[in-house]
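Student: Got a minute to walk through this one with me? I'd like to get a feel for the fold before I go further.

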Amino acid sequence: MQMQRIPAGEFVMGNAATPAELASLFPGYERRRLEELVDEAPAHRVRITRPFYMARHEVTVGQFRAFLLASGHVPESIADGSGGYGWRADYDPARTARGDAFEGRDPRYSWRNPGFAQGDEHPVVNVTWNDAQALAGWLSRMEGRHYRLPTEAEWEYACRAGTHGQYHGGDDPASLARVANVFDADAAPRWPRWAAFALPTHDGFAFTAPVGSFAPNAFGLFDMHGNVWEWTADWHDEHYYARSPQDDPPGPAEGSVKVRRGGSWHTWPLYARCAYRNWNSPATRYTLVGIRLVMDDPGPRH
């Protein structure tokens with residue numbers, strides 16, 4: 001796992017754009033979707049007072065397999081017998097009660113099988129927040145360093161990498177074509193009802209892409225937009241930004257769902273922005289959700 005040192009610094013967390021301003025960037029979206037983004041406000045200044053290390057890439061299938069073999073950990077999708085989610089060519093979301101884009105939970109799906117082919121360099125999916133915690137704890141014990149999930153503030157700071165736009169490449173959704181594997185013209189034919197929201201470019205990947213396939217941000221981090229959603233340490237609270245501390249906000253003390261960030265290979269551009277917040281229960285396993293770890297900076301050795 002390649003770790004990149006992220007310097008301490010300040011940034012504006014969240015999104016100050018109004019629904020009208022977002023509508024100019026995302027003209028095809030219903031107004032309702034733009035007005036629902038209230039948990040991104042208020043935009044507020046945050047100081048990350050200590051440097052830290054962040055993995056340059058999302059945890060891969062090969063890395064996750066090596067962890068399981070060495071640690072004996074059993075992923076939740078297998079341990080509880082209910083499985084995960086996956087893609088099936090003849091599955092029709094319109095014929096299901098929830099209208100979910102993917103089939104599941106089903107024991108046939110897990111980190112080993114999301115319904116589409118993955119190599120060892122692809123980001124692992126169908127992993128829960130609890131699986132991510134197990135990986136971080138095991139790696140900490142093995143290496144004598146402290147690995148963990150990033151806080152929301154650390155994640156957004158690292159994603160922006162000194163920039164101020166909706167994406168680390170600017171405000172234009174078209175900027176994603178160079179840096180992200182999101183819902184685009186390669187994936188859209190499999191979900192025609194949502195094709196209007198696809199990025200109108202081809203990146204060559206209908207599903208996940210090998211990590212590092214696109215350009216990194218200014219901090220040298222790959223796939224901060226797209227490929228797979230990434231778990232953070234924080235509970236979700238839509239009112240937290242109004243009262244969070246300026247220095248190293250740790251997130252709410254309690255909650256029922258954990259925040260995930262960054263979007264995925266199946267995510268529309270609106271939801272792959274730096275400031276967008278999504279969430280799931282810690283036991284959620286899904287074909288779009290993966291892991292990226294951080295490591296505390298041990299500081300100078302004496």
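**Cavity, pocket, sheet and helix**

Tutor: Sure, and let's start inside: the largest cavity has a volume of about 40 Å³. Keep in mind that this is a predicted model.

Student: How many cavities of 30 Å³ or more does a search of the whole structure find?

Tutor: Just 1.

Student: And which residues line the largest cavity?

Tutor: The lining is Met-13, His-44, Glu-152, Ala-153, Asp-234, Tyr-240, Tyr-241, Ser-244, Pro-249 and Gly-251.

Student: OK, pockets now. What volume does the largest pocket have?

Tutor: About 880 Å³. Of the 29 residues that line that pocket, the closest to its centre are Trp-229, Arg-260, Tyr-271, Tyr-276 and Asn-278.

Student: Which element gives the largest share of that lining?

Tutor: That's β10, with 3 residues. Both α2 (31-35) and β10 supply at least two residues each.

Student: Where does β10 sit in its sheet?

Tutor: At an edge: β10 (278-280) and β11 (289-290) are the edge strands, each pairing on one side only. The sheet is open, with 4 strands in the order β10-β9-β8-β11, and the pairing is mixed.

Student: Mixed how? Take β8 and β9: parallel or antiparallel?

Tutor: Antiparallel, over 3 bridges, with β8 covering residues 229-235 and β9 covering 258-261. Within that pairing Glu-230 stands opposite Arg-261, while Trp-235 has Lys-258 as its bridge partner.

Student: And β8 with β11, parallel or antiparallel?

Tutor: Those two run in the parallel sense, over 2 bridges. Trp-229 has Val-289 of β11 as its bridge partner. You've met Trp-229 already, among the residues closest to the centre of the largest pocket.

Student: Why call β8 largely enclosed by the rest of the structure?

Tutor: Because 5 of its 7 residues are buried. The cut-off for buried is under 20% relative accessible area.

Student: What about His-236, where does that one go?

Tutor: His-236 is in the loop between β8 and β9.

Student: Buried or exposed, that His-236?

Tutor: Buried, because its relative accessible area is 13%, and the cut-off is under 20%.

Student: What is His-236 in contact with, leaving aside its neighbours within four places in sequence?

Tutor: Asp-39, Val-257, Val-259, Arg-277 and Trp-279. With Asp-39 there's a side-chain to side-chain polar contact at 2.8 Å.

Student: How far is the C-alpha of His-236 from that of Ala-153?

Tutor: They're separated by 12 Å, and the two residues are 83 apart along the chain. Ala-153 is one of the residues lining the largest cavity.

Student: Switching to helices. What's the reach of α5 from its first C-alpha to its last?

Tutor: Helix α5 (residues 129-143) has 15 residues and reaches 21 Å, close to the 21 Å expected at 1.5 Å a residue.

Student: What happens at the two ends of α5?

Tutor: Thr-128 caps the N-terminal end, with a side-chain oxygen 3.3 Å from the backbone nitrogen of Asn-130. After the helix comes Gly-144, with a positive phi near 70°.

Student: Which residues of α5 are buried?

Tutor: Trp-129, Asp-131, Ala-132, Leu-135, Ala-136, Trp-138, Leu-139 and Ser-140.

Student: And what covers those buried residues of α5?

Tutor: The cover includes α3 (61-71), α4 (76-79), β7 (147-148), β8 and β9. Two of those you know from the sheet: β9 and β8 are listed in its strand order.

Methods:
Residues are numbered from 1 along each chain as its sequence is written. This is a predicted model: local features need pLDDT of at least 70, side-chain atom pairs count only at pLDDT 80 or more; totals for chains, interfaces and linings use all residues. Side-chain values use heavy atoms; hydrogens and water are left out. Two strands pair if DSSP finds at least two bridges between them. The expected span of a helix is 1.5 Å times one less than its number of residues. Buried means under 20% relative accessible area, exposed over 50%, partly exposed in between (1.4 Å probe, protein chains only). Contact means heavy atoms within 4.5 Å. A polar contact is a pair of N or O atoms within 3.5 Å; within protein, one must be able to donate a hydrogen and the other to accept it, and residues adjacent in sequence count only if both atoms are side-chain atoms. On a 1 Å grid over the protein atoms alone, a cavity is a set of points where a 1.4 Å probe fits but cannot get out, and a pocket is an open set with protein on both sides within 12 Å along at least five of seven lines; lining residues have an atom within 4 Å of a point. Grid points are joined across faces, edges and corners, and a volume is the space filled by probe spheres set on the points.
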